[in-house]
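Grab a pencil and get ready to look around a protein chain. Each exercise below gives you a task, followed by a solution you can check step by step.

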Amino acid sequence: MDFDLGEEAALLRGRLRALIDANMPPGFLGAFTDDPSDLATTQEFCALLAREGLLTVAWPTEYGGQGGSVWAQTVVREEMWAHHEPRGAQYMGLNWVGPAIMAFGDDEQKRRHLPPIAEGSVIWCQGFSEPDAGSDLAALSTRATEDGDGWRLRGQKIWTSYAGMAQWCVLAARVGPGERHEGITMFLVPMDAPGITVVPIESMLGPHHLNEVFLDDVPVGPDGLLGEVGGGWSVIRRALAHERVGIARYARCERLLSLMAGELRATAGRLPDHLAVQWARALTQVRVARLLAYRAVLAQEAGGPPDAAASAARIAVTRCDQLVAELLFQVLAERSLEAGPSAPLAGAIEDHWRYAQAATVASGTLEVQQMIVAKDLLGRSR
Ligand SMILES: Cc1cc2nc3c(=O)[nH]c(=O)nc-3n(C[C@H](O)[C@H](O)[C@H](O)COP(=O)(O)OP(=O)(O)OC[C@H]3O[C@@H](n4cnc5c(N)ncnc54)[C@H](O)[C@@H]3O)c2cc1C
């Protein structure tokens with residue numbers, strides 16, 4: 001299988017790697033470690049990527065992008081995830097919030113919200129899940145009630161990644177008596193609006209990652225409505241499909257496998273046969289995940305709904321995440337607590353393992369992804 005995306009892609013990869021080498025601290029493990037400088041580091045790197053024209057390579061030029069192909073965007077995703085996502089929480093704005101605003105927003109919303117995303121100066125979060133609405137997202141009960149020209153939001157969100165550091169949230173709420181999917185409506189909500197309380201959830205994913213968000217009669221102006229009243233389900237489907245394709249963790253898996261092989265060769269001369277077999281199996285799974293991700297990108301490029309392709313890719317990616325995590329632990333567990341600049345692989349083993357556990361839940365559980373694929377094969381839309 002030839003994964004070569006051509007000379008331009010190779011040059012782009014080279015540029016990205018050089019920028020990461022020159023600007024990210026050695027041993028960087030993502031935006032949610034105990035290091036208090038993580039947030040500033042990722043914010044500065046996003047601004048740098050924006051100045052270099054690499055943050056929104058595939059966005060149209062009218063919205064601050066470079067008008068490049070989805071394949072250029074794929075290269076950016078791969079290099080970012082392979083190096084522990086130096087864009088931090090901003091990847092969400094780039095991957096799906098911006099595209100959702102392009103697709104469903106009015107001119108004023110595009111003018112207001114797209115430039116800051118393209119400049120790398122804003123963090124968005126996603127307010128979908130609720131205590132009683134996770135897999136069954138259409139059961140969500142946060143209410144939006146009309147109030148003059150605008151709205152008041154009341155309810156609770158949970159597992160909201162980055163809510164404590166985000167300036168804006170794309171939030172799903174129920175308007176009117178509509179049942180399940182029909183009543184769902186999307187809002188663009190400033191996180192400093194009165195009535196919003198963010199409560200961090202302690203988790204193994206590190207500080208600042210997961211949160212509860214309480215909404216106590218939060219006022220939202222008429223300009224906060226994204227798309228049609230009752231039209232939120234289409235926005236959610238599109239958002240989740242983009243999100244699922246946008247997280248290129250297969251690239252991190254492949255880099256970790258390669259670092260692992262290098263490390264073992266350096267210390268043991270050559271991999272013992274049984275480990276070489278496991279390593280080759282894991283690499284095969286990673287390549288399968290990559291192939292499925294490329295199929296989803298192709299579906300996006302063709303403009304079709306990528307739901308099932310995105311879910312198939314997500315299933316493969318999360319499984320190889322866990323496979324690689326187990327293999328790394330099995331082989332290098334005793335080194336996994338050696339973090340820091342001198343041990344980029346060792347620190348990453350433990351970090352990768354923790355995130356791999358959550359991977360089959362975040363962005364829709366494994367079972368939910370399997371159902372989306374099955375329904376697509378059976379020709380059912382819901
Ligand atoms: C790291 C992480 C980050 C997240 N970030 C966000 C975020 O930023 N914004 C946001 O809105 N949400 C976020 N979430 C929430 C995530 O989308 C939900 O956790 C997920 O959709 C599952 O919902 P739940 O936790 O309520 O589990 P449940 O829906 O209660 O599921 C529990 C179990 O039952 C299974 N199950 C449920 N229904 C079915 C069914 N019909 N058939 C078969 N099995 C079923 C599930 O697969 C799962 O194994 C995040 C979650 C994680 C782990």
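The exercises that follow concern a predicted model.

**Exercise 1. Domains and ligand**

Work out how the chain is divided into domains, and which of them draw close around the ligand with at least three residues each.

*Solution.*
- Start with the division: domain 1 covers 7-122, domain 2 covers 125-235 and domain 3 covers 248-378.
- Next, check the spacing: the C-alpha centres of domain 2 and domain 3 are 31 Å apart.
- Now turn to the ligand, which has 18 residues around it. The closest are Phe 128, Ser 129, Gly 134, Ser 135 and Thr 365.
- Finally, sort the shell by domain: domain 2 and domain 3 each give at least three residues to it.

**Exercise 2. What the shell is made of**

Find which element supplies the largest share of the shell around the ligand, and how the shell splits by class.

*Solution.*
- Look for elements that supply at least two residues each: strand E1 (124-127) and helix H11 (366-378) both do.
- Then pick out the largest share: E1 provides it, with 3 residues.
- Last, go by class: the shell has 8 nonpolar, 9 polar and 1 charged residues.

**Exercise 3. Two helices packing**

Describe how helix H1 and helix H3 pack, from the angle down to the residues in contact.

*Solution.*
- Locate the pair first: H1 spans residues 7-23 and H3 spans residues 70-82.
- Take the geometry next: the angle is about 35°, and the axes are 10 Å apart. The crossing of H1 past H3 is right-handed.
- Then list who makes the contact: H1 brings Ala 9, Leu 12, Arg 13, Leu 16 and Arg 17, while H3 brings Trp 71, Ala 72, Val 75, Val 76 and Glu 79.
- Classify them: there are 7 nonpolar and 3 charged residues in this contact, and no polar ones.

**Exercise 4. Positive phi values**

Tyr 162 has a positive phi value, although it isn't glycine. Place Tyr 162 in the chain, decide whether it is buried or exposed, and then do the same job for Ser 363.

*Solution.*
- Tyr 162 has phi near 65°, and it sits in the loop between strand E3 (150-157) and strand E4 (168-175).
- Count its neighbours: 24 other C-beta atoms lie within 10 Å of Tyr 162, so it is buried.
- Ser 363 also has a positive phi, near 65°. Its loop runs between helix H10 (344-359) and H11.
- Count again: Ser 363 has 21 other C-beta atoms within 10 Å, so it is buried.

**Exercise 5. Leu 210 and Trp 233**

Decide how Leu 210 and Trp 233 each count, buried or partly exposed, and name what they touch.

*Solution.*
- Leu 210 is in the loop between strand E6 (196-200) and strand E7 (211-220). It has 22 C-beta neighbours inside 10 Å, so it counts as buried.
- Leaving out neighbours within four places in sequence, Leu 210 contacts Trp 159, Ser 161, Ile 201, Ser 203 and Leu 205. Trp 159 is 51 residues away along the chain, yet the two C-alpha atoms are separated by 5.0 Å.
- Trp 233 belongs to helix H6 (residues 232-246). Because it has 19 C-beta neighbours inside 10 Å and buried needs 20 or more, Trp 233 counts as partly exposed.
- Setting aside residues up to four places away in sequence, Trp 233 touches His 181 and Ile 184. From Trp 233 to Thr 318, 85 residues apart in sequence, the C-alpha to C-alpha distance is 25 Å.

Technical notes
Residues are numbered from 1 along each chain as its sequence is written. This is a predicted model: local features need pLDDT of at least 70, side-chain atom pairs count only at pLDDT 80 or more; totals for chains, interfaces and linings use all residues. Domain bounds come from an automatic or database domain assignment. A residue is near a molecule or strand if its C-beta atom, placed from the backbone, lies within 6 Å of it. Helices (H or I, at least four residues) and strands (E, at least two) are DSSP runs, numbered from the N terminus. Ala, Val, Leu, Ile, Met, Phe, Trp, Tyr, Cys and Pro count as nonpolar, Asp, Glu, Lys and Arg as charged, and the others, Gly among them, as polar. Axes are lines fitted to C-alpha atoms, for helices over the stretch in contact, and angles run from 0 to 180 degrees between N-to-C directions. A crossing is left-handed if the near helix is turned anticlockwise from the far one by less than a right angle, and right-handed if clockwise. Two residues are in contact if their C-beta atoms, placed from the backbone, lie within 7 Å. A residue is buried if 20 or more other C-beta atoms lie within 10 Å of its own, exposed if 12 or fewer, and partly exposed in between; C-beta atoms are placed from the backbone.
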